[in-house]
Amino acid sequence: MGENASFWESLIYAHPTCTSWKQEAEGSIYHLASIFFVVGFMGGSGFFGLLYVFSLLGLGFLCSSVWAWLDVCAADIFSWNFILFAICFVQFIYVTYQVRSVSFDREFQELYSALFQPLGISLTVYRKIVLCCDAEVVTLEKEHCYAMQGKTPIDKLSLLVSGRIRVTVDGEFLHYIFPLQFLDSPEWDSLRPTEEGIFQVTLTAETDCRYVAWRRKKLYLLFAKHRFISRLFSILIGSDIADKLYALNDRVHMGKGFSIVTTIPLTVTPLGSVLDLKNATLVPFNETACENWKEIHHLVFHVANICFAVGLAIPTTLNLHMIFLRGLLTIGCALFIIWATLYRCALDIMIWNSVFLVVNLLHFIYLVYKRRPIKIEKELSSLYKRMFEPLHVSPELFGRLTGHFCNIQTLKTGQAYAAEDKTSVDDRLSILLKGKMKVSYRGHFLHNIYPCAFIDSPEFRSTQMNRGEKFQVTIIADDNCKFLCWSRERLTYFLESEPFLYEIFKYLIGKDITNKLYSLNDPTLNDKASKKIDRQPSLCSQLSVMQMRNSMASTSDSEDGLQIFLRGTSSASSL
């Protein structure tokens, strides 16, 4: 008991408080370590941010260990700094392994940069998608067929990485498939998971092609495990189908004389930096080591180091890792300031730790602010949870989207949202929040619009490059309706400043157009069945998109509902 009491007394009571600052400053090695700390504390989150933080902090703790061994002659200071160096080293190795485990071949990296990264897909999620296709890119030689009409079974989903593929039916050309487009999205979307089918078109490589293929059953198992990936593929496939039908519609009305092939350059920006070691200079060590080690330091010093050790040892996979890390570093720096001021009497240590405290406190406040709960209006909460939250759109970004340049409007039963050949399509874009709307063309009913669906997505898509167009359909409220309405011009400017949200909107609108095509295909569905389709439209269609595509190619002179849906005025209109 006496030894334990003397130990605690040495920790707490054996250190007189300072009456004045020490005259001499700490050694140059300590200040070098402090520079590493300041630069390291300024790092961010993410894989490469963590590599940056742990590497520089590790160097700082290593320098502090050398300083404690040679200048201060304090065993506890040396031990703590070496332990902290070891923790940073282990974390650096672990994060490096994580980065290495999600690295990909060149083609997969380019695919990620061009298609998945703009949608905010993390490397870990993308790795699951790549592993589902066995990380393999398949080669299709020129004039070889990917699928033959009436023969090839629909047992996979493929995405073209390079080259160009020609789609034909009964020998007649339909359209091309270009890089970053699915080869068989209409076929995939037209079958239930338990159904089997055969291609109704022939897909032939016009050039040497490379594509990624996911086996149907294996991909459905991935969807069952990860709902976010399922939702992601749903909007990608829906938007791809809309792109194909618009391309086919343009060919029907413009003729078969020519086609324009555009290529998108794919670049991979190297992530990371290489340290320049050529100009580094070695600091000579003292030839003599400490002969007399100083006594153990005050308890405040050890508590501060415990805070540092716990913060640095928190697993990086923890959701709130950076908040806990910054919080514990802030507490540790505050304790170091108390120790340096009251017991070490070192002005330079106090100043350096004050700088550390400010940097970490600012990071901590920013991270907590980013995590603050964002209140979403009750009328918009259902829209957010159904359309935007599954795609990882943050509440803050959704609040900005719905905050300043949009408003909630109402329509009573029988009132018109748009009148055929009268209402301009340039003014707005809307999403139905409540009620039901009816869409008709020349007095003929086409389909209904239900909550959480765009009202005028086809108009928005078809007239992005043209102004002054008019609605080619009439949209009337079938119930008392409430809808969210954006100013089209201001929405466009906002989306241009938010690349992530721009990509989300692009695919949501494409998917919505495809859903409307399914509704147009079977307008006799009752409300209950329509709600089922709204939840899972790709699995409930009565007529496949393959047949829509083929019918458009075979009747270029007719004016059926599908062409009216897609065509617009002279070349492109919509519902």
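**Buried cysteines, nonpolar cores and the setting of Gln472**

Cys333 is buried, with a relative accessible area of 0% (buried means under 20%, exposed over 50% and partly exposed in between, using a 1.4 Å probe and protein chains only). This cysteine takes part in no disulfide, and the nearest cysteine sulfur, belonging to Cys307, lies 9.9 Å away. The structure as a whole holds 0 disulfides, a disulfide being a pair of cysteine sulfur atoms within 2.5 Å. Cys133 is likewise in no disulfide, with the sulfur of Cys132 as its nearest cysteine sulfur at 7.0 Å. At 4% relative accessibility, Cys133 also counts as buried.

The model is predicted: local features need pLDDT of at least 70, side-chain atom pairs count only at pLDDT 80 or more, and totals for chains, interfaces and linings use all residues. Residues are numbered from 1 along each chain as its sequence is written, and side-chain values use heavy atoms, with hydrogens and water left out. The average pLDDT (the predictor's confidence in each residue, from 0 to 100) is 79 for the protein, and 77% of the residues score at least 70. In residues 523-546 the pLDDT is below 50, and this stretch has 41 contacts in the model beyond near neighbours in sequence (contact means heavy atoms within 4.5 Å). Residues 567-575 also have pLDDT below 50, with 38 such contacts. Where pLDDT is low, the predicted coordinates should not be read in detail.

Turning to the interior, the largest nonpolar core has 91 residues, of which Phe116, Trp214, Phe233, Phe388, Met437, Ile475 and Phe505 touch the most other members. Such a core is a set of buried Ala, Val, Leu, Ile, Met, Phe, Trp, Tyr and Cys residues joined through side-chain atoms within 4.5 Å. Helix 9 (residues 227-254) gives the most to this core, with 11 residues. Leaving aside neighbours within four places in sequence, Phe505 is in contact with Phe388, Leu401, Leu429, Phe454, Trp486, Leu491 and Leu495. A second, separate core of 47 residues includes Ala68, Phe301, Leu329 and Ile349.

Gln472 offers a polar example: at 14% relative accessibility, this residue counts as buried. The side chain of Gln472 makes a polar contact with that of Asp421 at 3.4 Å (a pair of N or O atoms within 3.5 Å; within protein, one must be able to donate a hydrogen and the other to accept it, and residues adjacent in sequence count only if both atoms are side-chain atoms). The Gln472 side chain also reaches the backbone oxygen of Lys470 at 3.2 Å.

Key. Helix = DSSP H or I, 4+ residues; strand = E, 2+ residues; numbered from the N terminus.
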